[in-house]
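Me: I would like to go through the labels attached to this structure and ask what each one rests on. Please set the values against the cut-offs as you answer.

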Amino acid sequence: MRYPKEVVLKDRSEAVIRPLEKDDEAMLSRFYAAIPENDRWYMRHDVTDPVVIQKMIGSIGSGNVFSTVALVDDRIVAHASLLMRGQGSNRHVGRLRIAVLPGYRHKRLGTWVLLDLIQYAMDTGLNDLRADFVVGVEDNAIESARKLDFFKVALIPEYVKSPRGIRYDLQIMVKRLHRTWADF
C-alpha cells in the first residue's frame with residue numbers, strides 16, 4: 001500500500017492518512033488527551049497513560065499491530081489499529097480499533113481509515129475482521145460498520161459498565177474479507 005494518502009472529507013476539507021511513526025509519540029499523546037473522557041471510558045486501555053502510548057509506539061514494526069493516523073495541519077485527528085495474532089486458532093482474524101476526534105466525526109474520516117485498514121487486512125491475507133462496539137454509545141459506528149458489510153455475530157447483554165455504573169450491551173461484529181474488492 002502506498003502512503004501518504006490524501007482523502008477528502010464530507011465537508012470538502014482534507015486529511016492525510018499514513019502509518020503511525022516512532023516520532024509520533026507526543027502527537028499521539030495530545031490526540032488522546034483531546035478525546036473527551038466520556039469517549040474514552042469504554043476503550044480497552046487508559047490511552048492517557050504515557051506507558052500505554054509508549055507501548056503503541058513500541059509495537060510499530062512488530063508485525064502484530066498495524067496503526068495509521070489521519071492528520072490535518074500536522075495534527076493527529078484519528079488513530080486506527082489492526083491487531084493481528086501470528087499464531088493460534090484465530091490468526092486469520094484481525095481486530096479493529098478506531099478513534100476520531102469529535103470535531104472530525106460525521107465527516108467520513110472514520111470510514112476512510114476503516115477502508116484503509118480493510119485493504120491492509122486483505123493484502124496481508126486475513127480472512128475476517130472483528131470490531132466490538134458499546135450499544136447506546138457507539139451506535140453511529142455500528143451503523144457505519146454495517147454499511148461496510150460488517151454483521152452482528154454476538155450481543156453480550158450488560159457486559160460493559162460505565163464509570164457511573166450504567167451497564168451497556170457489547171455488540172461484536174465481523175466482516176468476511178475477499179482477496180480483491182471485485183470479489184464482493
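The exchange below takes up overall form, burial, cores, strand pairing and backbone angles in turn.

Me: What kind of model is this?

Reply: The model is predicted. It holds four helices and eight strands, and from the N terminus on the elements run β-β-α-α-β-β-β-α-β-α-β-β.

Me: What makes the protein as compact as a globular protein of that length?

Reply: The radius of gyration is 16 Å, and the globule rule gives 16 Å for 184 residues; the two values are close, so the protein counts as compact as a globular protein of that length. The C-alpha atoms fill a box of roughly 45 × 40 × 35 Å along the principal axes. The accessible surface comes to about 10600 Å², and carbon and sulfur atoms hold 48% of that surface.

Me: How much of the chain is buried, and what share of the contacts with a separation of 6 or more comes from residues 24 or more positions apart?

Reply: Of the 184 residues, 40% count as buried. Residues 24 or more positions apart account for 60% of the contacts with a separation of 6 or more.

Me: Why is Thr68 called buried or exposed?

Reply: Buried means under 20% relative accessible area. Thr68 has 0% relative accessibility, so Thr68 counts as buried. Thr68 lies in strand 3, residues 65-72. Leaving aside residues up to four places away in sequence, Thr68 touches Tyr3, Ile17, Arg18, Pro19, Leu20, Ala78, His79, Ala80, Asp116 and Leu117.

Me: And why is His106 called buried or exposed?

Reply: Exposed means over 50% relative accessible area. The value for His106 is 59%, so His106 counts as exposed. His106 sits in the loop between strand 5 (93-100) and helix 3.

Me: What makes a set of residues a nonpolar core, and which residues have the most contacts inside the largest one?

Reply: The members must be buried nonpolar residues of the listed types, joined through side-chain atoms within 4.5 Å. The largest core has 48 residues, and those with the most contacts inside it are Leu28, Tyr32, Leu109, Leu129 and Phe150. Helix 3 (residues 109-123) gives the most to this core, with seven residues. Apart from it lies another core of five residues, including Trp41, Val134, Tyr168 and Leu170. In soluble globular proteins, nonpolar side chains tend to be buried together.

Me: What does Leu129 touch, not counting residues up to four places away in sequence?

Reply: Leu129 touches Leu82, Gly94, Leu96, Ile118, Ala121, Phe150, Met173, Val174, Lys175 and Leu177.

Me: How do you know that strand 7 and strand 8 pair?

Reply: Two strands pair if at least two bridges are found between them. Strand 7 (residues 151-161) and strand 8 (residues 167-176) have seven bridges, in the antiparallel sense. One of the partners in strand 8 is Ile172, bridged to Ala154. The hairpin of these strands has five residues between them, and there Gly165 takes a positive phi near 90 degrees.

Me: Which residues other than glycine have a positive phi?

Reply: Among them are His106, with phi near 65 degrees, and Glu158, with phi near 50 degrees. Glu158 is found in strand 7.

Me: What is the peptide bond from Tyr3 to Pro4 called, cis or trans?

Reply: The bond is cis, with omega near 0 degrees. Pro4 lies in the segment before strand 1 (5-8).

How values were computed:
Residues numbered from 1 in each chain as written. Predicted model: local features only at pLDDT ≥ 70, side-chain atom pairs only at ≥ 80, totals over all residues. Heavy atoms only, no water. Helix = DSSP H or I, 4+ residues; strand = E, 2+ residues; numbered from the N terminus. Buried < 20%, exposed > 50% of the residue type's maximum accessible area, 1.4 Å probe, protein only. Contact = heavy atoms within 4.5 Å. Rg over C-alpha atoms; globule rule 2.2 N^0.38 Å. Areas by Shrake-Rupley, 256 points an atom, 1.4 Å probe, with all protein chains shown as cover.
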